[in-house]
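Me: Could you take a close look at one part of this model for me? I'd like to see how it sits in the rest of the chain.

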Amino acid sequence: MADADVKAPEAPAAAAAPAPTAEAGAAGAEAAEETPRKPVDPDFEPEIIVFACHYCAYAAADLAGSMRLQYPSNIRMIKLPCTGKLEVIHLLRAIEAGADGVYAAGCLEGECHYLKGNLWARKRVNYVKTLLEELGMEPERVEMYNMSSAMGAKFAEVATEFTNRIKELGPNPVKREGVNPHAAARAALGGVAMPDEAGSSTAVPVEEGHAE
Ligand code: FES
């Protein structure tokens with residue numbers, strides 16, 4: 001039931017999407033010609049915020065470290081008791097503060113310790129994608145991933161793939177000098193964000209939000 005609730009919104013949109021006409025295609029091509037994408041500075045190093053559930057992705061990052069797996073240093077993690085604590089406003093605040101990319105990394109579907117926290121997180125991430133699109137920003141700057149604590153290799157792979165994706169997109173257009181996206185995102189989360197020190201985890205109840 002929960003799965004159906006979560007995955008349903010994407011299918012009708014795709015089904016309802018009208019087939020592109022030759023006219024629309026030409027208009028799109030014209031628009032693309034009018035606004036050519038600026039070439040990305042090859043030295044661009046994105047700032048990426050990862051909202052990581054401490055049960056899975058955060059532990060997977062530790063595992064990747066102990067396996068000596070390489071992944072980009074562009075990512076800055078914020079530990080959460082569950083990705084279900086992540087609200088739309090937290091994702092938007094990270095982007096508004098200049099993060100070039102943001103992703104949530106939660107437990108595998110069906111394995112969230114709060115049952116549906118990771119499903120709610122995926123809904124919120126998808127909602128933020130639509131908001132970014134409406135604002136003229138690339139929805140690919142926000143993503144949701146699932147993994148278990150045993151998936152150190154997947155953690156490294158996701159961090160690498162996402163970093164490469166953001167390098168291709170280029171800098172966040174609303175980035176401002178002197179604003180630290182990691183600090184801003186952490187501040188927006190308030191007491192929800194967990195300290196990074198080992199052994200500091202405290203179970204926090206997760207409630208469904210209203211980001212439909
Ligand atoms: Fe890991 Fe919910 S996403 S406990």
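Reply: A helix here is a DSSP run of H or I at least four residues long, numbered from the N terminus. With that in hand, let's go to Leu-132, which is found in helix 6. Bear in mind that this is a predicted model.

The setting: the protein chain has eight helices and four strands, and along the sequence they run α-α-α-β-α-β-α-β-α-β-α-α. Of its 212 residues, 37% count as buried.

Now helix 6 itself. It covers residues 117-134, and because 18 residues at 1.5 Å each should span 26 Å, the 26 Å between its end C-alpha atoms agrees with expectation. Its buried residues are Gly-117, Asn-118, Leu-119, Trp-120, Ala-121, Arg-122, Lys-123, Arg-124, Val-125 and Val-128. Leu-132 isn't one of them: it has 18 C-beta neighbours inside 10 Å, so it counts as partly exposed. Being buried would take 20 or more.

What does Leu-132 touch? Setting aside neighbours within four places in sequence, Leu-132 is in contact with Met-137, Glu-138, Pro-139, Arg-141 and Val-142. Helix 6 is followed by Gly-136, which has a positive phi, near 85°. Going the other way along the chain, Leu-92 is 40 residues from Leu-132 in sequence, yet their C-alpha atoms are 8.9 Å apart.

For the wider picture, residues 24 or more positions apart make up 83% of the chain's contacts with a separation of 6 or more. The largest nonpolar core has 51 residues, and Cys-53 is among those with the most contacts inside it. Cys-53 touches residues including Tyr-58, Leu-80 and Ala-105.

Key:
Residues are numbered from 1 along each chain as its sequence is written. This is a predicted model: local features need pLDDT of at least 70, side-chain atom pairs count only at pLDDT 80 or more; totals for chains, interfaces and linings use all residues. A nonpolar core is a set of buried Ala, Val, Leu, Ile, Met, Phe, Trp, Tyr and Cys residues joined through C-beta atoms within 7 Å. A residue is buried if 20 or more other C-beta atoms lie within 10 Å of its own, exposed if 12 or fewer, and partly exposed in between; C-beta atoms are placed from the backbone. Two residues are in contact if their C-beta atoms, placed from the backbone, lie within 7 Å. Helices (H or I, at least four residues) and strands (E, at least two) are DSSP runs, numbered from the N terminus. The expected span of a helix is 1.5 Å times one less than its number of residues.
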